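Thanks for coming. I will go through some helix packing and then one internal space.

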Amino acid sequence: MYYIIKPPKLKSKQILTQKKDIRELDREAVKDWFVSNGEKAFRAKQLNEWLFQKGARSFEEMSNLSLDLRQKLKENFTFLSLETDLVQTSNDGTVKSRFKLHDGNLVEGVLIPTKSRMTACISSQVGCSLACSFCATGKMKRVRNLNPLEIFDQVNVINEQAKANHGMNLTNIVYMGMGEPLLNYKNTLDSIELITSPTGLHMSPRRITVSTAGIAKIITKMADEKVKFNLALSLHAANDTKRDKIMPINEQNNLKALSEALKYLYEQTGRWLYIEYILFDKFNDTEEDAIELSTFTRQFPCKVNILDYNPVEGTGLKKTTEEK
C-alpha cells in the first residue's frame, strides 16, 4: 500500500460522494477514483509521491498533474495540511516554528542544527495532561491528540527548513515537543510508519527517538511489539520522593516499575536507552543525587544526557550552577 495509515474501511469500487482528506484514503480507493474520472491508475503513485515524499501541502503544487485534474481533486477532496503561523530563528541556527492546525489549534516544532546533524523536535499533542512542574506545556491542559498526518506534516515542514537554511535533509527526529507521545501511542506509531516507509520519507527508525515522562505499561507494550526506534526517559530525579514532587505521573509509574519496563524493553529490542536529566538548583544536583542517578542507570544499557534548565516562570525551579 502507498498509504500506511489505516483509513476507515472503504470498498475499492465505492466512489466518494463527499469531501474527505485525500491522505486518509487507501491506494485502491484512490486508484479507482482516478480511473472513474478518466485518468490512468498510475496517477495514484504520483499523488502519493507529492503527499508523502515531496512535502506538498496543496493540490496546486502537484505540477505533473494537469490543471483540470488538480481542480477536480480540489473539488472532491480536502487537504488538511498545517500552516506555519510563526517562525523564530536564533543566532545558532535553531528555528522554532508555531504551526496552526486545520481547527485553529497551535503546536510547536523546532529545527536543531549542528555541523553533522539536522534534528527535528516535534509535538504529539495539543497541550499536555501530565502537569510536570518544570515544563511550560505542563501548565496547559491537553486539548487533543495529533493525528499521524499532523505529526508527519511537522517533519515535512522542518525538513524543508533544514534544506533551505543549511542545505541538508533531516538526519534525526525527536518526539520531545508538546505532549506525551505514549499517551497518543497509536498515532505516534502510525506517524513513525509514515516517516520510515519507502513510500514516505524513508528515514531509518534508528534515527527517531520518542521521549516519555514514563508510562510503564506502554513501555512494556513497546517491548512486546519490538519497536525499532529509540526511547528516551525524562527522569530528572532518581528517587521517588523527589520525582513525585516535579512529575505527578511518577505516583502511578514509580522508579521500580519504570526500571523493570526499561530492562524488558532492552531485552526485547537490544536498543540502548536514553535518560534525560535536567539539573535544578538545590533540588537534584547534589552528590547524593548523582549516586542515585548512577545506581538507577546501571540497571540497563543507556546513555545519560545531563541538561541545562531553561527556567519557566512560576515553577520555583532554577538552573543549577556551572560548577554543579
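Helix 4 and helix 5 are oblique to each other, where oblique is what is left once angles under 35 degrees count as roughly parallel, over 145 as roughly antiparallel and 65 to 115 as roughly perpendicular. Before the details, the ground rules: this is a predicted model, in which local features need pLDDT of at least 70, side-chain atom pairs count only at pLDDT 80 or more, and totals for chains, interfaces and linings use all residues. Numbering starts from 1 along each chain as its sequence is written, and side-chain values use heavy atoms, without hydrogens and water.

Helix 4 covers residues 148-166 and helix 5 residues 185-196; their axes come within 8 Å and cross at roughly 45 degrees. Axes here are lines fitted to C-alpha atoms, for helices over the stretch in contact, with angles from 0 to 180 degrees between N-to-C directions. Helices (H or I, at least four residues) and strands (E, at least two) are DSSP runs numbered from the N terminus. The crossing is right-handed, meaning the near helix is turned clockwise from the far one by less than a right angle.

Which residues of helix 4 and helix 5 meet? From helix 4 they are Pro148, Leu149, Ile151, Phe152 and Val155, and from helix 5 Asn187, Thr188, Asp190, Ser191, Leu194 and Ile195, with contact meaning heavy atoms within 4.5 Å. By class this contact has 7 nonpolar, 3 polar and 1 charged residues (Ala, Val, Leu, Ile, Met, Phe, Trp, Tyr, Cys and Pro are nonpolar, Asp, Glu, Lys and Arg charged, the others, Gly among them, polar).

Next, helix 6, residues 216-224, packs with helix 8 at about 10 degrees, the axes 8 Å apart. Helix 6 is therefore roughly parallel to helix 8. Helix 6 contributes residues including Ile219 and Met222, and helix 8 residues including Leu258 and Leu265. The class count for this contact is 10 nonpolar, 2 polar and 1 charged.

Now the space. The structure holds 1 cavity of 30 Å³ or more, a cavity being a set of points on a 1 Å grid over the protein atoms alone where a 1.4 Å probe fits but cannot get out, with lining residues having an atom within 4 Å of a point. The largest cavity has about 50 Å³ of space, volume being that filled by probe spheres set on the points, which are joined across faces, edges and corners. Among its lining residues are Met222, Leu265 and Trp272. Strand 11 (230-234) and helix 8 (255-269) each supply at least two lining residues.

How values were computed:
1 Å grid on protein atoms, 1.4 Å probe; cavity = no way out; pocket = protein on both sides within 12 Å on 5 of 7 lines; lining within 4 Å.
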